[in-house]
2 protein chains.
Amino acid sequence: MSDFDLRGFLPYLLNQAAEAASLDFQQYYKDRYGMLRTEWRVLFHLGIFERMTASDISARARIHKTKISRAVSRLEARRFLERTRDMEDRRVEWLSLTQAGQAAYRDLRGVAARYDRALEEEIGADDMAALKRILQVLAAR
Amino acid sequence: MSDFDLRGFLPYLLNQAAEAASLDFQQYYKDRYGMLRTEWRVLFHLGIFERMTASDISARARIHKTKISRAVSRLEARRFLERTRDMEDRRVEWLSLTQAGQAAYRDLRGVAARYDRALEEEIGADDMAALKRILQVLAAR
DNA sequence: GCCTAATAGTTGTTTTTGTAACTAACAAGG
DNA sequence: CCTTGTTAGTTACAAAAACAACTATTAGGC
């Protein structure tokens with residue numbers, strides 16, 4: 001048996017941890033709102049920034065524009081967001097949450113915050129802070 | 001603007017970091033060997049443990065058995081692995097790498113090790129150790 | 001103004017994944 | 001033995017993602 005340890009290989013380890021965490025949160029947004037992963041991310045971006053274009057979200061969240069486009073369509077169909085055409089530049093459309101979208105955002109934001117706090121209790125505040133700091137470096141590259 | 005910070009939400013942050021890291025490594029196994037993510041994982045498990053069943057890999061890597069099944073088929077078609085039926089229990093088949101599979105494994109293992117070392121230089125040995133320790137806790141849940 | 005290039009966003013097609021149902025082989029209780 | 005349940009692995013179908021090509025609009029050089 002080779003002595004290479006997969007669990008020491010960061011891309012593998014990161015994916016294992018990320019998948020476990022994603023699955024936990026998925027229960028909520030999938031069961032309660034029938035959302036997909038890209039959809040809750042778009043919802044959160046609009047919840048936080050209130051008014052963005054699809055390109056803004058794509059750049060900030062690093063999600064491909066076709067994924068954004070389809071997520072926006074679905075969120076619009078379910079009346080979670082609205083689009084308004086920009087009158088200066090008519091290629092652009094501004095996205096913002098409806099009342100229902102804001103309510104869903106606040107609900108899920110609460111779930112997310114509680115999840116984070118629970119995890120912090122589990123692994124300790126110091127490790128949590130270190131983890132976030134290092135991950136932000138990795139994610140920013 | 002809401003004061004919630006997505007980059008403080010661990011499932012989101014983990015995914016961002018994991019995707020960034022995965023993309024780097026993907027270049028290699030995709031371009032050189034035409035492999036998918038599940039396939040290099042299966043390859044590595046067999047490279048490390050030499051002889052496993054699909055169920056073994058599924059349990060250890062936490063990959064669904066249908067994904068394993070498909071990855072094994074593709075790896076077999078490309079002559080990276082071989083199957084042998086267990087004579088005691090004929091439901092079971094043992095998987096092992098061919099010469100070509102072992103060569104690919106050694107090559108990719110080297111790439112992985114170098115990638116990890118480069119990352120360690122970038123973020124520092126202490127942070128790297130802390131990161132791996134914490135991620136292993138998260139992934140193990 | 002007019003041509004070319006760039007940008008915003010969408011749509012179509014192909015891969016890949018997820019879910020459930022399936023076959024085959026074994027195990028255990030009666 | 002023979003039913004019932006379990007395990008190993010595959011296959012079929014639906015959902016989602018990746019990738020490329022597309023429309024519409026604007027910007028910039030000449």
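In what order do the three strands of the open sheet in chain B stand? The order is β1-β3-β2, with antiparallel pairing. Here two strands pair if DSSP finds at least two bridges between them, and strands (E, at least two residues) and helices (H or I, at least four) are DSSP runs numbered from the N terminus.

This is a predicted model, in which local features need pLDDT of at least 70, side-chain atom pairs count only at pLDDT 80 or more, and totals for chains, interfaces and linings use all residues. Residues are numbered from 1 along each chain as its sequence is written, while chains are lettered from A and ligands numbered from 1 in the order in which they are written.

Let us look at the strands of chain B one by one.

| Strand | Residues | Role in the sheet |
|---|---|---|
| β1(B) | 52-53 | edge, a single partner strand |
| β2(B) | 81-85 | edge, a single partner strand |
| β3(B) | 93-97 | joined to β2(B) by five bridges |

Because β1(B) and β2(B) each have a single partner, one side of each is left without a neighbour in the sheet. In β3(B), Leu97(B) is the bridge partner of Leu81(B).

Now to the DNA. Strand D is surrounded by 19 residues (C-beta atom, placed from the backbone, within 6 Å). Among the closest are Arg90(A) and Thr53(B). Helix α4(B) gives the most to this surface, with four residues.

Finally, the two copies: chain A can be laid on chain B with an RMSD of 0.1 Å by a turn of 180° and a shift of 0.1 Å along the axis, superposed by least squares on C-alpha atoms of residues with pLDDT of at least 70 in both. The copies are thus related as by a two-fold rotation axis.
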